[in-house]
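Trainee: I'd like a close look at a single part of this model, the small sheet. Could you walk me through that part and then link out to the rest?

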Amino acid sequence: MRSYTANEVRNVVLLGHSGCGKTTIGEAALFHSGATSRQGKIEDGNTVSDYDPEEIRRKVSVSTSVLPIEWKDTKINFLDTPGYFDFVSEVKLAMSVADTALTVVSAKSGLEVGTEKAWEYTEEMKIPRMFFINQMDDESADFRKTLEELRDKFGKTVAPLQVPFRDENGILGFINVIKRDARMLDVATGKLIKCDIPADKVDEVEELRSMVVEVAAESDDELLEKYFNDEELTLEEIYDGLKKGIRQFSIAPAIFGSATKGYGIKLLMSTLVKFVPPSEECRPSFECIDLRNGENTGMVRYNSEKEHLACFVFKTISDPYVGRLNLFRVVSGTINNTKTVYNPETDTYEKVAHLYVMRGKEQIEVDELNAGDIGALAKLTNTSTQHTLCSKYFPVLLPKIDLPKPVLSMAIAPKGKGDEDKISNALTKIKEEDPTLKVEVNKETKQTIITGVGENQLDVVVNKLKTKYKIDVELSDPIIPYRETIKSKVKVQGKYKKQSGGHGQFGDVWIEFEPSFDMTKDYIFEEKIFGGAVPKQYFPAVEKGLQECVQSGVLAGYPVVGLKATLVDGSYHPVDSSEMAFKMATSVAFKEGLPQAKPVILEPIAHVEVTIPDKYMGDIMGDINKRRGRILSMNPENEKKVIVAEVPIAEMQKYATDLRSMTQGRGSYEYYFERYEEAPMDVQKKIIESRKK
Ligand SMILES: Nc1nc2c(ncn2[C@@H]2O[C@H](COP(=O)(O)OP(=O)(O)OP(=O)(O)O)[C@@H](O)[C@H]2O)c(=O)[nH]1
Ligand SMILES: [Mg+2]
């Protein structure tokens, strides 16, 4: 593959709801551009993009693949992203290195949540966009309805460049709206043959044409004037207007086709080359931090091979079969296989021995890559996703993008004995590939907890462990770290006495237990001993005893917090008393005293912020109430609402899944531990019961 410059490259991210056909479009583009000799199918598990065993098994994409194709002296790097919402970080990272978004919509399903989200992302990131309305070969495909839904939702920005139609035999044809040129499918050859515009389509074509011409004219003052003077715009002028409109985000052209049948795929590639601005124009520069003189912000790097080198790593693959690879976009300058690059994040140098262009999992070795292009480096030891690689003499840091916070936690444990060490190594590797996966060992419960964005993501982790690392694991709800405390004051005696011949044991304490009201500390210990009733040397033993006792409360064995213990009296024996005996005496006092001091169970409460479209407000608030939550406020944020609430963590365990089903994936949330609170009586009873089992 030859090297391309930023004015010859289009980095196109494929977006859209799961199942709309993104991977199949990538596959069709590879085939129709001649990059591959046959077109793979999702059903056969042999597409270039979905090569991972998990993708083949599920028949959906779980991670982004790069699919470079060469078309009309231009390189189009398709970035095929997963449509499942759990993998949105893959989408966002792919978008961070793309210049244009191609949102795919199924003409069978019409507008879906994934289509809306794709639009939101392109609005956030301000990148030019285009639609491909796919699955037109299907009998149930409804192009009119799909287009209307798109225009209802996104306005007249959506500009159809074609009108599809079916003849009386159901055979498909397409009319080029701008050229007023109709083509009919020749069933025998699969080719499109020129034909007349069907009489019943003439008005429709004219109507759509004037819509497209109007938006094209609006992108340029001169064209607009001509348009208002009722002068006919030339084809070139319309094309120019479209190009400008795409660059200014005011036009998102829509074309139609079928990925499985290959209809519209060449047109798609040609449209990307002809109408979509090259990388250099879409993303002329990138903001970065200049590291030469401290950390200077506000600097930019131009998307040009003449600049100093800076690359942004948007993906790390760490796989026992594929090896370790870092995929990056050259943001500025040129990288070649003789260079050493600097990673300012880890302050290390990485050697560039082999430089690749990735096509799915295939590594195609190249000598150099210029600004605007996408490539990969193997075996970098200190580099991973969101890192910058740059010239050591002109170091810069490219900004990281915000990724969704992991919210769904599960405890993970190996089924087989002896896999504990293996599992933690494997999880480290999987985590490297997935920046939204969190892995930690809970000190209190000793459970390994994995936290992700959704159930599918965690399920992928389980399957990767099984197939790639040969470790069988099971997931369970994490143990909730309840606490115990007391609500009243008691004064009790704890006496420990043993006389079994020879040297005896004697310790005797009077302790006052009361609430300290400080739930961040387990206990506060004081002594008010007068006249040496307990000799000073035994005070530390009493405290030690207390320290051990608070590990396990008297109700359900959970750690005790918010306790104040004051040693007020006691007695000792000059020979039999010992530290050990005083520690035991304290334990007796604790076990005697706490049950009398109104012990209660405390549960962890989370601060929760749920972001949802307006129409779900009622449902979500009702649901939070059912979860024993308290709503603190409701605030507007862009087009959405944020509900701020406090909810017991025990009630939040499956919230990621439930919120998704309540909002069809439109809602998101974040939460963090806020404080402990006394659990309601019925909840306490259940907790105590379940600990007895
Ligand atoms: N009839 C028909 N089926 C299609 C077409 N394009 C894709 N499909 C089928 O639709 C299903 C989903 O296609 P994919 O390419 O996996 O869709 P995707 O958008 O990549 O899905 P995710 O990876 O889950 O986001 C597969 O069974 C494809 O064979 C098409 O043009 N016509
Ligand atoms: Mg896919």
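To get us going: which residue stands opposite Asn 176 in β8?

Mentor: Sure, and keep in mind that this is a predicted model. The residue you want is Gln 162, which stands opposite Asn 176 in β8. That pair belongs to the contact between β7 and strand β8 (residues 172-176), where the two strands run antiparallel over five bridges. In general, strands of a sheet pair through backbone hydrogen bonds, in either a parallel or an antiparallel way.

Now zoom out to the sheet itself. It is an open one with four strands, in the order β7-β8-β9-β10, and the pairing is antiparallel. At the edges sit β7 (162-166) and β10 (191-195), each of them pairing on one side only. If you ignore direction, neighbouring strands of this sheet are turned by 30° against each other on average.

Walk over to the other edge and you'll find strand β9 (residues 181-186) paired with β10, again in the antiparallel sense and over five bridges. A handy marker for the register there is Ala 182, which stands opposite Cys 195 in β10. The two strands form a hairpin with four residues between them, and in that hairpin Gly 190 takes a positive phi near 75°. As for cover, β10 has hardly any: of its five residues, the count that are buried is zero. If you're thinking about which way side chains point, in a regular strand they alternate between the two faces of the sheet.

Leaving the sheet, have a look at ligand 1. It is surrounded by 23 residues, and the closest are Gly 21, Thr 23, Val 60, Ser 61 and Gly 83. Sorted by class, that shell holds six nonpolar, twelve polar and five charged residues. Helix α1 (residues 22-32) supplies the largest share of the shell, with three residues.

That same helix, α1, also packs against another one. Its axis and that of helix α9 (residues 265-274) come within 9 Å and cross at roughly 85°. An angle from 65 to 115 degrees counts as roughly perpendicular, so that is how α1 and α9 lie to each other. On the α1 side the contact uses Ala 28, Ala 29 and His 32, which meet Ile 265, Lys 266 and Met 269 in α9. By class, the residues of this contact split into four nonpolar, one polar and one charged.

How values were computed: Residues numbered from 1 in each chain as written. Chains lettered and ligands numbered in written order. Predicted model: local features only at pLDDT ≥ 70, side-chain atom pairs only at ≥ 80, totals over all residues. Near = placed C-beta within 6 Å. Nonpolar A, V, L, I, M, F, W, Y, C, P; charged D, E, K, R; others polar. Axes fitted to C-alpha atoms, helices over the stretch in contact; angles between N-to-C directions. Parallel < 35°, antiparallel > 145°, perpendicular 65-115°, else oblique. Contact = placed C-beta atoms within 7 Å. Pairing = 2+ DSSP bridges. Buried ≥ 20, exposed ≤ 12 C-beta atoms within 10 Å, placed from the backbone.
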